[in-house]
Amino acid sequence: MGCASGEEQTGRVLNVLEGDLLKMELNGRRVRVQLAGVDSPVRGQPYRDEARAFTLRMVQDKEVTVRLAERGEAGHVVAEVLLSDGRTLNRELVAAGLGWHRGTWLARYPAIRAAEQEARRARRGLWRDDNPTPPWEYLGNKSWRD
């Protein structure tokens, strides 16, 4: 995907690999799109299946707009995924209590940060647990594919 940060492209979601990781077709190419500012539970963690099912319901086989943030370490695209009604999948996943606001994105995505705080207060999704373990702690040095 040859676009600059902030540039938008529209494409079709082909598959949902994790709650925060999509396989899409953009400009005739198949690419992995990681949701910017979000980390959802991975294989082996509670709420992983719920996060993936939520994302499937929201975007599977649909046209969405991708706003590039950067390229990830594994060559995938890191982006905001805009739904047809203007909401972002990134924020909606966290608002449902099925992901964490993550990493260096804290200042860049205040709406996602606010969504996490509200989900925590309301004890939605993974926040029903007293102390849910974020994926970066759960995985340690392992990959989500392990």
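## Aromatic pairs

Rings of Phe, Tyr and Trp, the last taken by its six-membered ring, count as a pair if their centres lie within 6.5 Å. By this rule the protein, which is a predicted model, has 2 aromatic pairs. One of them is formed by Trp100 and Trp127, with 6.0 Å centre to centre and 70° between the planes. This pair is edge-to-face because planes over 60 degrees apart are counted that way. Trp100 belongs to strand E7 (residues 100-101), while Trp127 sits in the loop between H3 and helix H4 (135-139). The pair therefore links distant parts of the chain, 27 residues apart.

Trp100 also pairs with Trp136, again edge-to-face, at 6.2 Å centre to centre and 75° between the planes. Since Trp100 lies in strand E7 and Trp136 in helix H4, this pair ties together parts that are 36 residues apart in sequence. Ring pairs thus link Trp100, Trp127 and Trp136 into a cluster.

## Buried or exposed?

How are the tryptophans of the cluster placed with respect to the surface: buried, partly exposed or exposed? Trp100 has a relative accessible area of 5%, so Trp100 is buried. Trp127 has a value of 7% and is buried as well. Trp136, at 30%, is partly exposed. The cut-off behind these labels is 20%, because buried means a relative accessible area under that value.

For the protein as a whole, buried residues make up 49% of the 146 residues. The protein exposes about 7500 Å², and carbon and sulfur atoms supply 44% of that area.

## Overall fold

The protein contains 4 helices and 7 strands. Along the sequence they follow the pattern β-β-β-β-α-β-β-α-β-α-α. Among contacts between residues at least 6 apart in sequence, 63% join residues at least 24 apart.

## The nonpolar core

In soluble globular proteins, nonpolar side chains tend to be buried together. Here the largest nonpolar core has 36 residues. Leu22, Met24, Val33, Val59 and Leu89 are the residues with the most contacts inside this core. Several elements each supply at least two residues of the core, among them strands E1 (8-18), E2 (21-26) and E3 (29-35). Strands E5 (63-71) and E6 (77-82) do so too, as do helices H1 (48-59), H2 (89-95) and H3 (110-122).

Which residues does Val59 contact, leaving aside its neighbours within four places in sequence? Val59 is in contact with Val13, Val16, Leu22, Val64, Leu83 and Leu89. Of these partners, Leu22 and Leu89 are also named among the core residues with the most contacts.

Conventions:
Residues numbered from 1 in each chain as written. Predicted model: local features only at pLDDT ≥ 70, side-chain atom pairs only at ≥ 80, totals over all residues. Heavy atoms only, no water. Buried < 20%, exposed > 50% of the residue type's maximum accessible area, 1.4 Å probe, protein only. Contact = heavy atoms within 4.5 Å. Areas by Shrake-Rupley, 256 points an atom, 1.4 Å probe, with all protein chains shown as cover. Core = buried A, V, L, I, M, F, W, Y, C linked by side-chain atoms within 4.5 Å. Phe/Tyr/Trp six-rings, centres within 6.5 Å; stacked < 30°, edge-to-face > 60°.
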